[in-house]
Amino acid sequence: MSCTTDRHDHHDVYAAQCPCRDVLDLLANKWSALVIGALEEGPRRFGALQRRLEGVSPKVLTNTLRRLEEKGFVNRTVYPAVPLHVEYELTALGRGVAQPLARLRDWVEDHLDEIPV
């Protein structure tokens, strides 16, 4: 690990101190996976996201969007209007992780009947 850049030469998600775990925790969260999937369809306002993600509370959606924005997966754009207009969209990083998460969502839907509930 380079001390000057805080970057690693090698990442190991199994290592206790690897920052990969924080990213894995964020992306493995069901609401994060669903937000990213919903944003694959294009930019959305908060209300549209909340309607698409049935069952998510405003607080959980707000926290999820903030975490995804902090890590660079989602971009938040505020448009000066009355009332205030805010849109969320995937960044290049978010679009990059969207496909693997889509495959996971598809797998779950395809195999749900095989999994004991």
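Helices (H or I, at least four residues) and strands (E, at least two) are DSSP runs, numbered from the N terminus. With that rule, the chain has five helices and three strands, and along the sequence they follow the pattern α-α-β-α-α-β-β-α.

The model is predicted: local features need pLDDT of at least 70, side-chain atom pairs count only at pLDDT 80 or more, and totals for chains, interfaces and linings use all residues. Residues are numbered from 1 along each chain as its sequence is written, and side-chain values use heavy atoms, with hydrogens and water left out.

**Whole chain**

Start with the full C-alpha trace, which spans about 50 × 45 × 25 Å along its principal axes. Of the 117 residues in the chain, 26% are buried. Buried means under 20% relative accessible area, exposed means over 50%, and partly exposed lies in between (1.4 Å probe, protein chains only). The areas come from the Shrake-Rupley method with a 1.4 Å probe; for residues, only the protein chains shown count as cover.

**The sheet**

Next select residues 44-45, 74-79 and 85-90. These are three strands in an open sheet, with the order E1-E3-E2 and antiparallel pairing. Strand E1 (44-45) and strand E2 (74-79) are the edge strands, and each pairs on one side only. Two strands pair if DSSP finds at least two bridges between them.

Now keep E2 and E3 on screen. They form a hairpin with five residues between them, and their antiparallel pairing runs over six bridges. To see which residues face each other across the pair, pick Val74, which stands opposite Leu90 in E3. Then pick Thr77, which stands opposite Glu87 in E3. In a regular strand the side chains alternate between the two faces of the sheet.

**Salt bridges**

A salt bridge is a side-chain nitrogen of Lys or Arg within 4 Å of a carboxyl oxygen of Asp or Glu. By this rule there are four salt bridges.

Select Arg67 and Asp25: their closest N and O atoms are 3.6 Å apart. The pair links distant parts of the chain, with Arg67 in helix H4 (residues 58-70) and Asp25 in helix H1 (residues 20-27), 42 residues apart. Arg67 is partly exposed, at 35% relative accessible area.

Go on to Arg105 and Glu40, whose side chains meet in a salt bridge of 3.0 Å, N to O. Arg105 is in helix H5 and Glu40 in the loop between helix H2 (30-39) and E1, so this pair ties together parts that are 65 residues apart in sequence. Both are partly exposed: Arg105 has a relative accessible area of 21%, and Glu40 has 36%.

Then select Glu41 and Arg52, which form a salt bridge of 3.3 Å, N to O. Because Glu41 lies in the loop between H2 and E1 and Arg52 in helix H3 (residues 46-52), the pair ties together parts that are 11 residues apart in sequence. Arg52 is partly exposed, at 46%. Add Arg44 to the selection: Glu41, Arg44 and Arg52 are linked in a network of salt bridges.

**A charged patch**

Last, select Asp106, Glu109, Asp110, Asp113 and Glu114, which form a negative surface patch. Patches are made of residues with over 30% relative accessible area and no salt bridge; like charges are joined within 9 Å, and nonpolar side chains (Val, Leu, Ile, Met, Phe, Trp, Tyr) within 5 Å. Lys and Arg count as positive and Asp and Glu as negative, while His and the chain ends are not counted. The place of a charge is taken as NZ of Lys, CZ of Arg, CG of Asp or CD of Glu.

Within the patch, zoom in on Asp113, in the segment after helix H5 (92-111). Is Asp113 buried or exposed? Asp113 is exposed, with a relative accessible area of 79%.
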